Amino acid sequence: AMVLAAGLGVRMRPLTDRMPKPLVRVAGRTLLDHVLDKLGDAGVSEAIVNVHYLPDQIIDHTAGRTRPRVTISDERDEVLETGGGVVKALPLLGNAPFFHVNADTLWIDGVRPNLARLAEAFDPARMDILLLMAPTTSSIGYGGRGDYAMLADGALRKRREHEVVPFVYAGAAILSPSLFADAPKGEFSLTRKFDSANEQGRLFGLRLDGVWMHVGTPDAVQAAERAFLASVA
């Protein structure tokens, strides 16, 4: 798996003035640990975590983890964005499809863990990317217009300007390494790869079972904590 933890967390200030966003705590655990715990439960033995902003805090925090074991992809001296970060980490990720998860994504699983559902649903013959998609109406802390519409077979269609669509990307996916065969070196956004897969009919989605939380601001942390407490009550 690869976990994106290199962002600046600008909208989470002042919480991120002295700590990276992945180390912000919700319901007693850091956002990063929530993600790593889910990956460990899904059977992932090694997670590549990229770092840029206040990197030593994340390196120290993950040093003792064994489930999954964490390998750091250090980007402290460069800005690579989401796509460039994956390209840098590819030698560590190998040749098989891999989980790709934002360190600040947070969800409460339904009946079955969503990462296990993603792994079962990924079909390399039909898809290069499988995104976990949250319904906008039931998500906590999200007020946008959505990212994609989803067809009955799971194929995604990107939202057009001024359009409102029912699903938002929940920050977890499975990607095929072949996507990056012609990728540029240096800084670029992963959304370029999403768009090219979409154009080729190889971008698919899986509806999240449970509740997704958009933890983008300090106020959203409190809303997420309330949802967590309610889920275990």
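**View 1. Phe194 and its edge-to-face partner, Tyr169, in the predicted model.** Phe194 counts as buried in this predicted model, with a relative accessibility of 7%. Tyr169 is buried as well, at a relative accessible area of 15%. The two residues form an aromatic pair whose ring centres lie 5.7 Å apart and whose planes stand at 90°, an arrangement classed as edge-to-face. Since Tyr169 belongs to strand E11 (residues 167-175) and Phe194 to helix H5 (residues 191-199), the pair ties together parts that are 25 residues apart in sequence.

**View 2. The tilted aromatic pair of Tyr142 and Trp212.** The structure holds two aromatic pairs, and the one shown here joins the rings of Tyr142 and Trp212, with the centres 6.1 Å apart. The planes of these two rings meet at 55°, so the pair is described as tilted, given that edge-to-face would require an angle over 60 degrees. Tyr142 is placed in the loop between strand E8 (129-135) and strand E9 (148-150), whereas Trp212 is part of strand E13 (residues 210-213), and the pair therefore ties together parts that are 70 residues apart in sequence. Trp212 is buried, its relative accessible area being 6%.

**View 3. Strand E11 and the strands that pair with it.** Nine of the nine residues of E11 are buried, so this strand is largely enclosed by the rest of the structure. Strand E6 (residues 98-102) pairs with E11 in the antiparallel sense over four bridges, and within this pairing His100 stands opposite Ala173 of E11. Strand E8 also runs antiparallel to E11, to which it is joined by six bridges. For Leu131, the bridge partner in E11 is Ala173, the residue that also stands opposite His100.

**View 4. Lys38 and Arg126, two positively charged side chains over aromatic rings.** Lys38, which lies in helix H1 (residues 31-41), places its charged end over the ring of Trp107, at 5.2 Å from the ring centre. Lys38 is buried and yet has no salt bridge, the nearest side chain of opposite charge being that of Asp109, 4.5 Å away; a salt bridge would need a nitrogen-to-oxygen separation within 4 Å. When residues up to four places away in sequence are not counted, Lys38 touches Trp107, Asp109 and Leu115. Elsewhere, Arg126 lies over the face of Phe204, at 4.7 Å from the ring centre.

**View 5. The surroundings of Thr30 in strand E3.** Thr30 is found in strand E3 (residues 29-30) and counts as buried, with a relative accessibility of 1%. Leaving aside residues up to four places away in sequence, Thr30 touches Pro22, Leu23, Val24, Arg25 and His61. Thr30 and Asp104 are 74 residues apart in sequence, and their C-alpha atoms are 9.0 Å apart in space.

**View 6. The salt bridge between Asp41 and Arg67.** This contact is one of the 15 salt bridges that the structure holds, and here the side chains of Asp41 and Arg67 meet at 3.2 Å, N to O. The pair links distant parts of the chain, 26 residues apart, with Asp41 in helix H1 and Arg67 in the loop between helix H2 (55-62) and strand E5 (69-74). Asp41 counts as exposed at 58% relative accessibility, while Arg67 counts as partly exposed at 49%.

**View 7. The salt bridge between Asp128 and Arg202.** The side chains of Asp128 and Arg202 meet at 2.9 Å, N to O. Asp128 lies in the loop between helix H4 (114-121) and E8, and Arg202 lies in the loop between H5 and strand E12 (203-207), the pair thus linking distant parts of the chain that are 74 residues apart. Asp128 is buried, with a relative accessible area of 13%.

**View 8. The salt bridge between Lys193 and Asp182, and a salt-bridge network.** Lys193 and Asp182 meet through their side chains in a salt bridge of 3.1 Å, N to O. Lys193 sits in helix H5 and Asp182 in the loop between E11 and H5, eleven residues apart. Lys193 counts as buried at 10% relative accessibility, whereas Asp182 is exposed, with a relative accessible area of 62%. In addition, salt bridges that share partners join Arg29, Asp33, Asp37 and Arg65 into one network.

Technical notes:
Residues numbered from 1 in each chain as written. Predicted model: local features only at pLDDT ≥ 70, side-chain atom pairs only at ≥ 80, totals over all residues. Heavy atoms only, no water. Phe/Tyr/Trp six-rings, centres within 6.5 Å; stacked < 30°, edge-to-face > 60°. Helix = DSSP H or I, 4+ residues; strand = E, 2+ residues; numbered from the N terminus. Buried < 20%, exposed > 50% of the residue type's maximum accessible area, 1.4 Å probe, protein only. Lys NZ or Arg CZ within 6 Å of the ring centre and 35° of its normal. Contact = heavy atoms within 4.5 Å. Pairing = 2+ DSSP bridges.
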